[in-house]
Amino acid sequence: MKGSKVLLVVVILATLAALVGCAAPTAAPATSEEAAAPAAPAEQAKKTYKDLVVGYAQLGAESEWRTANTASVQQAAEELGVTLKFSDAQQKQENQIKAIRSFIAQGVDVIGVPPVVTTGWETVFQEAKDAGIPIILVDRRADVPEDLYATYLGSDFVEEGRKAGNEMNKLLPEGGKIVELVGTVGSAPATDRFSGFRETMNPNIEIIDSQSGDFTRAKGKEVMEAFLKKYGAEITALYAHNDDMALGAIQAIEEFGLKPGTDIKIVSIDAVRGAFQAMVDGKLNVTVECNPLLGPQFYDLALKVVNGEEVPKWVPSEESVYYPDNAAEILPTRQY
Ligand code: AHR
């Protein structure tokens with residue numbers, strides 16, 4: 001009897017222990033960090049081109065180059081299925097700033113901008129940063145701290161200037177007096193093409209005058225007319241910071257009664273179709289390429305940036321130099 005009582009107590013205790021074990025809460029966390037750790041976040045879905053809403057604050061339509069750049073940005077958006085909000089600032093910084101603010105208000109995913117001049121961007125870029133919208137500099141750089149933009153996609157303008165200087169040396173082995181048509185004052189391409197050219201230009205070449213033609217054909221013609229009026233046939237060559245100004249100057253030289261490309265040698269930059277035609281016609285001696293077809297690369301970078309992928313701070317475009325010898329053969333294949 002005594003033994004069976006003991007057995008009963010043992011069975012009851014064992015049953016109770018089993019019941020308590022089932023109902024017991026899960027083990028207490030081993031550390032206080034474990035207690036604070038949130039549940040593992042679900043992997044954030046990556047955006048695709050079709051999800052991407054992009055604002056592009058284009059600077060204007062001042063040149064053949066710019067028209068090609070706009071076409072590339074618009075066409076690539078269409079092909080990839082990107083939603084593009086596009087604005088044209090007509091070469092005015094205040095319009096570009098207004099466009100950027102409007103893109104911020106609309107909550108786009110990323111903003112592309114070719115800054116018309118290098119300075120004056122910090123406030124608006126900071127506003128974009130505060131709103132969590134990355135800025136991508138396209139074509140032209142801005143003088144701002146690196147944390148205010150995600151990446152810069154564009155040319156090495158200093159190198160373009162150096163190439164132009166080397167070409168001028170080849171055209172004027174005995175030296176000469178040259179005039180220069182500078183791009184938009186305060187813009188990255190004008191500043192860099194100005195300095196790059198002087199890095200390589202031979203000391204027997206003298207720059208007798210240098211004025212801005214604002215990257216336009218009309219202004220290039222007007223300034224060249226003034227140069228011709230002042231220096232006449234004393235001018236041996238012209239260095240133009242873009243093809244449009246060179247094409248305007250060619251008209252001025254012809255109207256003055258001189259032969260562009262022969263009496264006045266001409267080196268310019270961009271390599272647009274109009275420059276190839278001028279080389280075919282014997283009116284332009286050299287054009288250094290500056291590539292405007294940046295649309296596909298721009299969206300590739302935009303998608304990476306929005307998805308948090310690493311991108312280089314500068315993605316330089318690949319560029320070449322073209323001469324009259326094979327201009328006729330290349331002209332039909334030029335896309336801009
Ligand atoms: O920023 C690129 C420059 O801008 C091109 O050389 C010129 O043609 C354009 O207007």
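Helices and strands are here DSSP runs, numbered from the N terminus. The exercises below concern a predicted model.

**Exercise 1.** Determine where A142 lies and whether A142 is buried or exposed.

*Solution.* Begin with the secondary structure: A142 belongs to the loop that links β4 (135–138) with β5 (151–154). Next, apply the cut-off for burial, which is under 20% relative accessible area. A142 has 7% relative accessibility and therefore counts as buried. Then list its contacts: leaving aside residues up to four places away in sequence, A142 touches P115, T118, W121, F125 and L137. Finally, consider V117, which is 25 residues from A142 along the chain; the two C-alpha atoms are 7.2 Å apart.

**Exercise 2.** Compare the expected span of helix α9 with the distance between its end C-alpha atoms, and identify its buried residues.

*Solution.* Helix α9 comprises residues 243–256, 14 in number. The expected span is 1.5 Å times one less than the number of residues. For α9 this gives 20 Å, and the end C-alpha atoms are 20 Å apart, so the two values agree. Turning to burial, 10 of the 14 residues are buried, so that α9 is mostly covered. These are D243, D244, M245, A246, L247, G248, A249, I250, A252 and I253. Just after the helix, G257 adopts a positive phi of about 95°.

**Exercise 3.** Identify the aromatic cluster and the arginines placed over rings.

*Solution.* A search of the whole structure yields seven aromatic pairs. Y56, F86, F298 and Y299 together form one cluster. As for the arginines, the charged end of R198 sits over the ring of F194, 3.4 Å from its centre. R334 lies over the face of Y336, at 4.7 Å from the ring centre.

Methods. Residues are numbered from 1 along each chain as its sequence is written. This is a predicted model: local features need pLDDT of at least 70, side-chain atom pairs count only at pLDDT 80 or more; totals for chains, interfaces and linings use all residues. Side-chain values use heavy atoms; hydrogens and water are left out. Rings of Phe, Tyr and Trp (its six-membered ring) pair if their centres lie within 6.5 Å; planes under 30 degrees apart count as stacked, over 60 as edge-to-face and the rest as tilted. A charge sits over a ring if NZ of Lys or CZ of Arg is within 6 Å of the ring centre and within 35 degrees of the ring normal. Helices (H or I, at least four residues) and strands (E, at least two) are DSSP runs, numbered from the N terminus. Buried means under 20% relative accessible area, exposed over 50%, partly exposed in between (1.4 Å probe, protein chains only). Contact means heavy atoms within 4.5 Å.
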